[in-house]
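Trainee: I would be grateful for a close look at one part of this structure, followed outward into the chain that holds it. Please treat the helix, its surroundings and the packing elsewhere in the chain as one connected account.

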Amino acid sequence: MNPEEREWQAQEAAARCDRNGGDGHELDALGASYLSVVRAARQPIAVPLPADFASRVAALAAERPSAAGLDSRFERRLLQILAAILCVAAVAAALVYGGNWLVATETLASQLDRPSLSLLLSLLGCLGVSALSQQLRGLFAGFGHSDT
Amino acid sequence: MTSTPTSREDDQALVDAVLSGSPGAFERLVRQYQKLCWHVIYRMVRHSDDTQDLCQEAFLRVHQYLHQYRNESALKSWVAQVAYSVAKRHLERKRIPLAEPFADADGLSPLDRVSDDFDIEEASIDSQSADHLHAAIECLPPLQRTILTLYHLDEMPIAEVAMITGLAEGTIKSHLFRSRKQLRDALNDRMGVAA
């Protein structure tokens with residue numbers, strides 16, 4: 001044990017002794033030399049706390065809103081402002097682009113009424129690949145079980 | 001000890017009671033931790049009027065930001081952390097250094113700064129050394145005084161003192177070690193002179 005470590009242990013032994021109400025007889029000379037220091041450090045602070053401190057502070061706190069209350073009020077107000085902005089934006093967009101959207105929707109609806117051959121073939125291809133992959137997965141799973 | 005030990009469940013129950021506006025809950029919280037708060041701030045600022053104002057400010061901050069307490073540390077440490085930061089800001093505003101170099105750096109020990117008008121003849125050796133030590137502790141820089149008090153008077157573990165002050169545990173141990181050694185050496189020198 002190096003000298004600093006030994007001194008630290010002596011300081012801590014003196015602190016433990018004082019906390020346990022010991023008189024220092026169990027300490028070695030180095031530890032005993034720290035007893036008065038740790039006793040002084042454990043002495044209560046001479047300036048007393050006012051007797052009515054807690055009730056006074058609690059009364060003051062009751063008069064002030066908490067940050068949690070302020071936060072929730074702020075968030076509510078912010079949401080209201082955002083909702084109002086969204087409504088205004090939606091109305092403005094409908095007024096400006098409404099005509100174009102109507103034309104595009106009508107075109108799409110007419111195409112869906114008469115689906116092209118290529119669209120139908122693509123759809124069938126997708127369904128076929130999906131079914132094949134399901135069958136292959138089942139086949140490999142069967143091989144795995146038979147190995148064990 | 002300044003407050004009875006409480007479990008995390010007790011802490012959370014008290015916090016929930018305060019946040020839900022239960023009558024008397026905040027006053028109960030203040031009563032539970034007022035001595036700890038007082039110790040931290042008084043040791044930092046050493047002025048009773050300032051201590052009272054700052055202690056009040058610390059608890060009002062606790063009340064205002066209690067919803068941010070996450071029960072990851074003991075409520076006691078969280079309150080002490082708020083008190084420490086309020087006192088630290090006060091010292092910074094007044095441009096008072098938080099920590100100063102130790103005696104081996106500036107050649108002055110805390111007891112060298114204690115007033116020389118102390119009447120050695122009047123006091124017994126024991127009370128004389130105790131009085132000198134109290135005066136010497138008062139002469140330590142704010143950070144060292146506070147660490148000594150939190151560790152010895154409030155019996156807080158080094159890890160909690162580190163959390164409160166925002167310093168590494170090794171730094172707390174180093175401050176404790178050097179403060180105690182310096183106080184002991186200076187007292188020995190003084191008593192040697194007195195004898």
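Mentor: In this predicted model, helix H8 of chain B spans residues 158-165, and its buried residues are B:Glu160, B:Val161, B:Met163, B:Ile164 and B:Thr165. Immediately after H8(B) comes B:Gly166, whose phi is positive, at about 75 degrees. On the other side, the loop between H7 and H8 of chain B holds B:Glu155. This residue is not a glycine, yet its phi is positive, at about 55 degrees. Most residues other than glycine have a negative phi. B:Glu155 has 14 other C-beta atoms within 10 Å, and therefore counts as partly exposed.

A second residue of this kind is B:Arg46, which is not a glycine and has a positive phi near 60 degrees. B:Arg46 is located in the loop between H2 and H3 of chain B. Because B:Arg46 has 16 C-beta neighbours inside 10 Å, it is classed as partly exposed.

The chain around these sites contains 9 helices and 0 strands. Of the 195 residues in chain B, 41% are buried. Among contacts in chain B between residues at least 6 apart in sequence, 70% link residues at least 24 apart.

One helix pair may be examined in detail. H2(B) packs with helix H4 of chain B (residues 75-93) at an angle of about 25 degrees, and their axes are 9 Å apart. The two helices are therefore roughly parallel, since that term applies to angles under 35 degrees. Their crossing is right-handed. H2(B) contributes B:Tyr33, B:Leu36, B:Cys37, B:Val40, B:Ile41, B:Met44 and B:Val45 to the contact, while the residues from H4(B) include B:Val79, B:Ala80, B:Ala83, B:Tyr84, B:Ala87 and B:Leu91. By class, this contact comprises 13 nonpolar, 1 polar and 2 charged residues. An α-helix has 3.6 residues a turn, so residues three or four places apart point the same way.

H2(B) also takes part in the interface with the other chain. There, 35 residues of chain B are in contact with 30 residues of chain A. Helices H2 (25-45), H3 (48-65), H6 (125-139), H7 (142-153) and H9 (169-194) of chain B each provide at least two residues of the side that touches chain A. H2(B) gives the most, with 9 residues. On this side of chain B, the residues divide into 16 nonpolar, 12 polar and 7 charged.

Definitions and conventions
Residues are numbered from 1 along each chain as its sequence is written. Chains are lettered from A and ligands numbered from 1 in the order in which they are written. This is a predicted model: local features need pLDDT of at least 70, side-chain atom pairs count only at pLDDT 80 or more; totals for chains, interfaces and linings use all residues. Two residues are in contact if their C-beta atoms, placed from the backbone, lie within 7 Å. Helices (H or I, at least four residues) and strands (E, at least two) are DSSP runs, numbered from the N terminus. Ala, Val, Leu, Ile, Met, Phe, Trp, Tyr, Cys and Pro count as nonpolar, Asp, Glu, Lys and Arg as charged, and the others, Gly among them, as polar. A residue is buried if 20 or more other C-beta atoms lie within 10 Å of its own, exposed if 12 or fewer, and partly exposed in between; C-beta atoms are placed from the backbone. Axes are lines fitted to C-alpha atoms, for helices over the stretch in contact, and angles run from 0 to 180 degrees between N-to-C directions. Angles under 35 degrees count as roughly parallel, over 145 as roughly antiparallel, 65 to 115 as roughly perpendicular and the rest as oblique. A crossing is left-handed if the near helix is turned anticlockwise from the far one by less than a right angle, and right-handed if clockwise.
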